[in-house]
Amino acid sequence: MSEGHSTYTPKTGIGRWFDARMPLPRLVYDSFVAYPVPRNLNYAWTFGGILALMLAAQMLTGIVLAMHYAADSTLAFDSVEKIMRDVNSGWLLRYMHSNGASFFFVAVYIHIFRGLYYGSYKAPRELLWILGCIIYLLMMATGFMGYVLPWGQMSFWGATVITGFFSAIPLVGDWIQQLLLGGYAVDNPTLNRFFSLHYLLPFMIAGVVVLHIWALHVVGQSNPTGIEVKSKTDTVAFTPYATIKDAFGMLVFLFIFAYFVFYLPNFLGHPDNYVVADPLKTPAHIVPEWYFLPFYAILRAITFNIGPINSKLGGVLAMFGSIAMLFLVPWLDTSKVRSAVYRPWYKLFFWLFVIDAVLLGWLGSQPAEGSYVFMAQMATLFYFAFFLVVLPVLGLVETPRRLPNSITEAVLEKNKGGGGGHPARATAAPETKG
Amino acid sequence: MLPKSGDRFSEKIMLETTTARQRISRGFGMKTILTSLALLGLVLAGTAAATTGAIAQEEAHNEAAPTHFPIHEPKEMDWSFAGPFGTYDKAQLQRGLKVYKEVCAACHSMKLVAFRTLEDLGYSEAQVKALAAEYTINDGPNDAGDMFDRPGIPSDYFPAPFPNDQAAAAANGGAAPPDMSLLAKARGVERGFPRFVFDIFTQYAQGGPDYIHSLLTGYDEQPPAGMEIPEGTHYNPYFIAGVSLKMPNPLSDDQVTYDDGSPQTVDQYSRDVSAFLMWAAEPHLEARKKTGFRVLVFLLLFGALVYLTKRKVWAGVAH
């Protein structure tokens, strides 16, 4: 995509002056106006833009919240309440920020599942995918540390449990845990460093997002057919086509986001976090934020020792392993066909995997007892089987459906097939657009 | 099977996958393995539903020694502040404040609520001043370095009934009564699947007040035969963390005098104080819902315009 030469021609004198010295307007024009995108992108492709919007919104609300927040274990809880009660529109900022974190994860999960469904991670997009995985990891760290800041009961005990994972690592575990905590238990030093890192990490995310978009603009977007762009008729210009579609996707997303912010602001939170942290009182059930629940279920599913690995270390390894799987996906999937649209078996397993992930999430919210443990173990088994067995084997044994020759052919076939808009104009237009 | 045209890319894929498949499916029964894996996934989803039912049955067995709390779920009440257009009933909040002042405040602090915010309840500035002045606030140090008592002013917060948590715990059988500022948001019985999904559409966010109301009206019930109630605690099937709690039944009929003719019953007191505590925990609820409606209407209209624009832009392009 990027090999295509720039079509930017500055129209004003100032424009030409700038272009000769620092062609920033040219970069913006080439990246967000003239940049060709496949014409057949569906709404699943609007989540990249939505994620950029959410990152910006989280940073803006977060920066203002930080002006009123006190990162001190004796003041933090009350300072958040001060924001909720006395700061002008403080309740709005804080609810936007706390629900914004949740919706950031909603968007990123849809974005990741879209990549899995359409095989967006396949060559030449492996690096693009890995950069995305790094962003996801940074998001998890940021989300976790942010949840500690209000210094409620779940903040405190969530931090205690999650930092406790690290102590399971042989030899260096205790040292890492103490480094994270700034002591032997979650306390004021922990809160201080988490606040500092919670402020830092979003900017690191923004940095990796730049790399992610850079890599994207080198290899170009994938698309629902998974067939590479072959000619100009396969694409449309980013502006106005993708921009207007992204804008509509964003507004629908914002509508649902606003519904939660204004009507159900505490739906995704936990009541215990409105109780100030108390190191002497352990809550009945410690649950992390909903977006960590599948991994929490995997962690607790390992209740048995495996040789020299005790169940605690085993759980931690399984949990980190479940995330590590994502990094390996480009090489685990052996199929030559990208999109699940043409892979009937993969399509089935993809949806089973989605069900499995949701099931794990629900199990993560339940107490680890009785039959829940067995269910979590089975679901964990399927989770790993999807990556380590299904992805490699399916690519070798599955007979894909017939692939269209090009994106344009697929689009025209679809429009001919059933009720899609304006067939007459559609067939006439592609050659003139783009 | 193969594409007709000279598209080498997809042709190659088709050939390679077909031969690979033939090679492997002859050797192992891969299809069998795949089918069983798919079945495993389906079975998982099935067992999820079945075991949940089994667990519920398990619990029902020993009534005298329950393991999951609360024993009864909170009763869902009608609250004026529920729903997208919910507002606080000011008369109810004033009655709730009276119950708090005359009953709850003996043991429970409410340290995050300032007197000045009581104007939200419909009181005038002068009334708030008078109300604040009823309280004695320990202030200082003064120029001589001494702490001193003075009457409260609107910018003060509700003073705590005990000097510190230890004193509160010592006077209440070892457990300090919780601060009430956020109680209505800090309590909530888990709704469970699938109810929490329906809650999104019904906008159910009254778990806190429902819980408080149920707890306050739940002391009348008798424990089932054979149940052991620890000494110094009181049976309440609505309590979230056990069969009984340290707090004795705090309310009785006609305990607080209402001057607006509302019934002076435990049920009414409980409703009023629960509503008041919701206000204390979420004083900007009305502004939140009002703003929310405007935001949603704006997003709906703007979204519709953008959608129409999008249709027009894409009208000539098959996609």
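The largest nonpolar core, a set of buried Ala, Val, Leu, Ile, Met, Phe, Trp, Tyr and Cys residues joined through C-beta atoms within 7 Å, has 154 residues in this predicted model; the residues with the most contacts inside it are A107(A), A297(A), I298(A), A379(A), F276(B) and L277(B). A residue is termed buried if 20 or more other C-beta atoms, placed from the backbone, lie within 10 Å of its own, exposed if 12 or fewer do, and partly exposed in between. The largest share of this core, 15 residues, is contributed by helix 5 (residues 90-118) of chain A, where helices are DSSP runs of H or I with at least four residues, strands are runs of E with at least two, and both are numbered from the N terminus. Residues are numbered from 1 along each chain as its sequence is written, and chains are lettered from A and ligands numbered from 1 in the order in which they are written. Local features need pLDDT of at least 70 and side-chain atom pairs count only at pLDDT 80 or more, whereas totals for chains, interfaces and linings use all residues.

In chain B, F276(B) is in contact (C-beta atoms, placed from the backbone, within 7 Å) with L93(B), G96(B), L97(B) and Y100(B), leaving aside neighbours within four places in sequence. These four residues are listed among the buried residues of helix 3 of chain B, together with Q92(B), R95(B) and V99(B), and what covers the buried residues of that helix includes helix 9 (266-281) of chain B. The axes of helix 8 (residues 207-216) and helix 9 of chain B, lines fitted to C-alpha atoms over the stretch in contact, with angles from 0 to 180 degrees between N-to-C directions, come within 9 Å and cross at roughly 145°. The residues making this contact include I212(B) and L216(B) of helix 8 and L277(B) and M278(B) of helix 9.

Helix 9 (residues 188-219) of chain A has 32 residues and reaches 46 Å from its first C-alpha to its last, close to the 46 Å expected from 1.5 Å times one less than its number of residues. Its buried residues, including F194(A), F195(A) and H198(A), pack against helices 3, 4, 6, 7 and 8 of chain A, and the helix is followed by G220(A), whose phi is positive, near 80°.

Two peptide bonds of chain B are cis: that from G140(B) to P141(B), with omega near 0°, and that from F193(B) to P194(B), with omega near 5°.

Terms used:
Two residues are in contact if their C-beta atoms, placed from the backbone, lie within 7 Å.
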